[in-house]
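Hi everyone, thanks for making time for this. I'd like to walk you through one small model, so please have the viewer open, and let's look at it together.

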Amino acid sequence: MQKIVSNPKIMMGKPIISGTRITVELILEKLAAGETPEQILEAHPRLTDEGIKAAFLDAIADAMKSASR
């Protein structure tokens with residue numbers, strides 16, 4: 001399963017899908033704009049369905065942390 005990683009030397013430290021330079025932010029923006037996971041996968045061949053799910057779960061976890069502050 002692809003996971004979320006962050007490295008200050010890659011994409012200015014934004015969370016990305018491991019093994020790619022695809023940010024969680026980009027995936028969420030594409031989903032919010034109405035793209036389907038299939039369209040995102042077609043546009044980004046190194047990404048997997050698990051990577052999209054990981055981005056979504058990461059966003060939910062961040063939202064829950066923010067809500068509990």
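**Starting from helix α1**

Let's begin with α1, where V24, I27 and K30 are buried. Around the helix axis they span an arc of only 135°, so they sit on the same side of α1. Please keep in mind as we go that this is a predicted model.

So what covers the buried residues of α1? The cover includes β1, β2, α2 and α3. And if you follow the chain past the helix, α1 is followed by G34, which has a positive phi near 100°.

Now to the core. Which residues make up the largest nonpolar core? There are eight: I17, I22, V24, I27, I40, L47, I52 and A55. Two helices, α1 (24–32) and α3, each supply at least two residues of this core.

If you want one residue to click on here, try I52. Setting aside residues up to four places away in sequence, I52 touches I27, L31, P37, I40, L41 and L47. Of those partners, I27 is one we have just met on the buried side of α1, and I27, I40 and L47 are also members of the core.

Back to K30 for a moment, because this lysine is found in helix α1 and counts as buried at 17% relative accessibility. The cut-off for buried is under 20%, so K30 falls on the buried side of that line. What does K30 touch, not counting residues up to four places away in sequence? The answer is E35, I40 and H44.

Let's take H44 next. You will find H44 in the loop between α2 (37–43) and α3. Is H44 buried or exposed? H44 is buried, at a relative accessible area of 18%. Leaving aside neighbours within four places in sequence, the contacts of H44 are I22, L26 and K30. One of these, I22, belongs to the largest nonpolar core.

The other K30 partner to look at is E35, and that brings us to the charged pairs. As a reminder, side chains of opposite charge can pair when their charged atoms come close. How many salt bridges does the structure hold? It holds three.

One is between K30 and E35, with the closest N and O atoms 3.6 Å apart. The lysine of this pair is buried, at 17%, while E35 counts as partly exposed at 27% relative accessibility.

Another salt bridge joins K14 and E25, where the closest N and O atoms are 2.8 Å apart. This pair links distant parts of the chain: K14 is in the loop between β1 (4–5) and β2 (16–17), E25 is in helix α1, and the two are eleven residues apart. Both ends are partly exposed, with relative accessible areas of 32% for K14 and 37% for E25.

Then there is D49 with K53, whose side chains meet in a salt bridge at 3.2 Å, N to O. Here the two residues are four apart in helix α3, so about one helical turn separates them. D49 is partly exposed at 33%, and K53 also counts as partly exposed, at 47%.

While we are on α3, let's turn to a nonpolar patch on the surface. F56, L57, I60 and M64 make this patch, which has an area of about 420 Å². Of these, F56 has its place in helix α3 (residues 49–67) and is partly exposed, with a relative accessible area of 47%.

Last stop, for those of you who like backbone torsions. Let's return to the loop between β1 and β2, where M11 lies. M11 is not a glycine, yet its phi is positive, near 50°. M12 is found in this loop as well, and it too has a positive phi, about 55°, although it is not a glycine. How exposed are they? M11 counts as partly exposed at 31% relative accessibility, whereas M12 counts as exposed at 73%.

To recap, then: we have seen a largest nonpolar core of eight residues, three salt bridges, and a nonpolar surface patch that includes F56. Thanks for listening, and I'm happy to go back to any of these views.

Definitions and conventions:
Residues numbered from 1 in each chain as written. Predicted model: local features only at pLDDT ≥ 70, side-chain atom pairs only at ≥ 80, totals over all residues. Heavy atoms only, no water. Patch = residues over 30% accessible without salt bridge, like charges linked within 9 Å, V, L, I, M, F, W, Y side chains within 5 Å. Areas by Shrake-Rupley, 256 points an atom, 1.4 Å probe, with all protein chains shown as cover. Salt bridge = Lys/Arg side-chain N within 4 Å of Asp/Glu carboxyl O. Buried < 20%, exposed > 50% of the residue type's maximum accessible area, 1.4 Å probe, protein only. Core = buried A, V, L, I, M, F, W, Y, C linked by side-chain atoms within 4.5 Å. Contact = heavy atoms within 4.5 Å. Arc of directions from axis to C-beta.
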